[in-house]
Amino acid sequence: AAKAARAALEASAVDHSDDEVAFRKDLLDIASTTLSSKLLTQDKVHYATLAVEATLRIKDSLNLDHIQILKKAGGTMRDSYLEEGFLMDKKIGVGQPRRIEGANILIANTSMDTDKIKI
């Protein structure tokens with residue numbers, strides 16, 4: 001029975017990986033079906049589009065760790081968006097300039113608090 005079911009599935013399978021438009025539509029259909037819930041009923045298409053766009057951006061690496069989700073209090077679910085690149089969630093210190101032209105930026109994967117620096 002399992003072999004017959006597998007053969008039937010393989011016979012009905014369609015590969016749209018060469019057709020970008022059809023492939024995107026297939027991914028949107030899969031994401032929309034996966035996101036079917038009471039919470040996302042109104043925004044299902046929006047979130048499905050975000051998921052497909054994020055997935056297509058990392059299609060060469062297939063490493064889902066390259067997709068990061070930042071959660072922020074306030075706003076609505078519809079305010080969610082996909083950003084290209086790197087987002088830093090930091091507040092400007094008291095008395096610090098709000099804009100710096102031509103700055104050099106260090107991105108460190110560790111805390112920069114003086115009491116937590118490990119040497």
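Tutor: Welcome! Before we start, one term: a contact here means heavy atoms within 4.5 Å. Keep in mind too that this is a predicted model.

Student: Thanks! Leaving aside neighbours within four places in sequence, which residues is H46 in contact with?

Tutor: Begin with the place of H46, which lies in helix α3, residues 44-57. Once its neighbours within four places in sequence are set aside, the contacts of H46 are M77, R78 and S80.

Student: Is H46 buried or exposed?

Tutor: The cut-off for buried is under 20% relative accessible area. H46 has 17% relative accessibility, so this residue counts as buried.

Student: Let's turn to charges. How many salt bridges does a search of the whole structure find?

Tutor: Side chains of opposite charge can pair when their charged atoms come close. Among the pairs here are E10 with R6 and E101 with R99. Searching the whole structure gives a total number of salt bridges of 5.

Student: How far apart are the closest N and O atoms of E10 and R6?

Tutor: Both residues belong to helix α1, residues 2-12, and because they are 4 residues apart, about one helical turn separates them. E10 counts as exposed at 52% relative accessibility, and R6 is exposed as well, at 56%. In their salt bridge, the closest N and O atoms are 3.2 Å apart.

Student: Which residue forms a salt bridge with E53?

Tutor: The closest N and O atoms of this pair are 2.8 Å apart. E53 lies in helix α3 and its partner in helix α2, residues 20-34, so the pair ties together parts that are 29 residues apart in sequence. E53 is partly exposed at 26%, and the partner, also partly exposed, has a relative accessible area of 28%. That partner is R24.

Student: And are E101 and R99 buried or exposed?

Tutor: These two residues form a salt bridge, with their closest N and O atoms 2.8 Å apart. The cut-off for exposed is over 50% relative accessible area. Both E101 and R99 are classed as exposed.

Student: Last one: which residues make the nonpolar surface patch of about 330 Å²?

Tutor: Let's start from one member, L87, which lies in the segment after α3. A patch residue needs over 30% relative accessible area, and L87, at 42%, counts as partly exposed. The full set making the patch is L70, Y81 and L87.

Terms used:
Residues are numbered from 1 along each chain as its sequence is written. This is a predicted model: local features need pLDDT of at least 70, side-chain atom pairs count only at pLDDT 80 or more; totals for chains, interfaces and linings use all residues. Side-chain values use heavy atoms; hydrogens and water are left out. Helices (H or I, at least four residues) and strands (E, at least two) are DSSP runs, numbered from the N terminus. Buried means under 20% relative accessible area, exposed over 50%, partly exposed in between (1.4 Å probe, protein chains only). A salt bridge is a side-chain nitrogen of Lys or Arg within 4 Å of a carboxyl oxygen of Asp or Glu. Patches are made of residues with over 30% relative accessible area and no salt bridge: like charges are joined within 9 Å, nonpolar side chains (Val, Leu, Ile, Met, Phe, Trp, Tyr) within 5 Å. Accessible areas come from the Shrake-Rupley method with a 1.4 Å probe; for residues, only the protein chains shown count as cover.
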